[in-house]
Amino acid sequence: MSLPPFDQRDGFIWYNGALVPWREAKLHVLSHGLHYASCVFEGERAYGGTIFKSREHSERFQTSARILDFEIPYSVEEIDAAKHETVKANGLSNCYVRPVAWRGSEMMAVAAQNSTINVAIAVWDWPSMFDVETKMKGIKLDIAEYRRPDPLTAPSMAKAAGLYMICTISKHRAERRGFADALMYDWLGRVAECTGANVFFVQDGALHTPIADCFLDGITRRTVIDLAKRRGVEVVERRIMPEELASFSECLICGTGAEVTPVSEIGVYRFTPGELSRALIEDYSREVEKQPSPAA
């Protein structure tokens, strides 16, 4: 079933302080954010009408903007309230939430200090998949040609639009080749992350994951680490070389979109989703379901 284009949907988008009809939420073609990637965003999910870890996302949203040298003109509390207002206005319960901020059209050059900072929040239906048995079959990952950049060459700690260019290229290539996603190495050839999700491996009952110093330390990543530690599972954050992939028994990825999803294959390497993958899927499901109901 084909989905309607994102500019041809009904509902409301929060745009610079007010809800506007979905189809009227537009920006000019000469917006700085479009030409020079002066744009940051968040990816969040609401479960039962409540946005999971909303404040953490709002705080990171502001931090990302500061890294790109601009200030979002709303407080964390105002952003949280606007997200809740947008979810409620669209009558959604389980949905994806996308805050985005960008420099506007006042200046069209590399330097654009006097551009207006625009902020929008959109939400759309995206039911959570808690079909554990389907997930336990595992997905297949390609290995990306592009690598995550040296943090001295790019603002790696920001959730910045420009950093996703190589992710789009890599995911398109992976899907053309029959894979669900691609594993990316860092600039030194070490295991880093997928195009939009963090990665974990199981070895002798411990959970291993790359150090997040050239890619986002994802909010879902931190949640999975916390869930594993609650179970008494050792979590090891370290450098992981590609040749080590043969030594791991399980692999899983996590992110707002992926939630917790086991992996069965990365290139020539094979994994068998097992007990720890299943436990973390179920723990994550319980974690998002136990949130307090949203305020009226």
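**Reading pockets and cavities**

Trainee: How many residues line the largest pocket, and which lie nearest its centre?

Mentor: The largest pocket is lined by 48 residues. W126, G196, A197, G257 and A258 lie nearest its centre. Keep in mind that this is a predicted model.

Trainee: Which helices and strands give two or more residues to that lining?

Mentor: Go from single residues to elements. For the largest pocket, the helices are α2 (54-67), α4 (132-135), α5 (165-176) and α6. The strands are β6 (95-103), β14 (250-255) and β15 (259-266). The top contributor is α5, with five residues.

Trainee: How much space lies in the largest pocket, and what classes of residue line it?

Mentor: The space is about 1200 Å³. Then sort the lining by class. There are 20 nonpolar, 16 polar and twelve charged residues.

Trainee: Where does the largest pocket lie relative to the domains?

Mentor: Check which domains supply the lining. Both domain 1 (12-125) and domain 2 (132-290) do, so the largest pocket lies between them.

Trainee: On to the second largest pocket. What is its volume, and which residues are closest to its centre?

Mentor: About 650 Å³ of space lies there. The lining has 18 residues, and I13, A25, L27, V100 and A122 are the closest to the centre. Elements that give two or more residues to this lining are β1 (12-15), β3 (39-41), β6 and β7 (117-125). The largest share comes from β7, with four residues.

Trainee: What does the class count look like for the second largest pocket?

Mentor: Its lining has 14 nonpolar and four charged residues, with no polar ones.

Trainee: Let's stay with β7. Is that strand largely enclosed or not, and why?

Mentor: Count its buried residues. Buried means under 20% relative accessible area. Eight of the nine residues of β7 are buried, so the strand is largely enclosed by the rest of the structure.

Trainee: Which strands pair with β7, and in what sense do they run?

Mentor: Look at the bridges. β6 and β7 run antiparallel, joined by nine bridges. In that pairing, P99 stands opposite I121. β1 also pairs with β7 in the antiparallel sense, over two bridges. There, Y15 stands opposite A120.

Trainee: Now the cavities. How many of 30 Å³ or more does the structure hold?

Mentor: Unlike a pocket, a cavity is a space the probe cannot get out of. The structure holds two of 30 Å³ or more. The largest has a volume of about 70 Å³.

Trainee: Which residues line the largest cavity, and which elements supply at least two of them?

Mentor: The lining is G43, E44, R45, Y47, F52, H57, I219, T220, T223, T256 and Y284. Two elements each supply at least two of these residues: β4 (44-47) and α6 (219-230). By class, the lining has four nonpolar, five polar and two charged residues.

Trainee: Where does the largest cavity lie relative to the domains?

Mentor: Use the domain check again. Domain 1 and domain 2 both give residues to its lining, so the largest cavity lies between them.

Trainee: And what about the second largest cavity: how much space, and which lining?

Mentor: About 50 Å³. Its lining is D186, R190, V191, A192, P210, I211, D213, C214, F215, R239 and I240. By class, seven are nonpolar, four are charged and none is polar.

Key: Residues numbered from 1 in each chain as written. Predicted model: local features only at pLDDT ≥ 70, side-chain atom pairs only at ≥ 80, totals over all residues. Heavy atoms only, no water. 1 Å grid on protein atoms, 1.4 Å probe; cavity = no way out; pocket = protein on both sides within 12 Å on 5 of 7 lines; lining within 4 Å. Points joined across faces, edges and corners; volume = space filled by probe spheres on them. Nonpolar A, V, L, I, M, F, W, Y, C, P; charged D, E, K, R; others polar. Domains from an automatic or database assignment. Buried < 20%, exposed > 50% of the residue type's maximum accessible area, 1.4 Å probe, protein only. Pairing = 2+ DSSP bridges.
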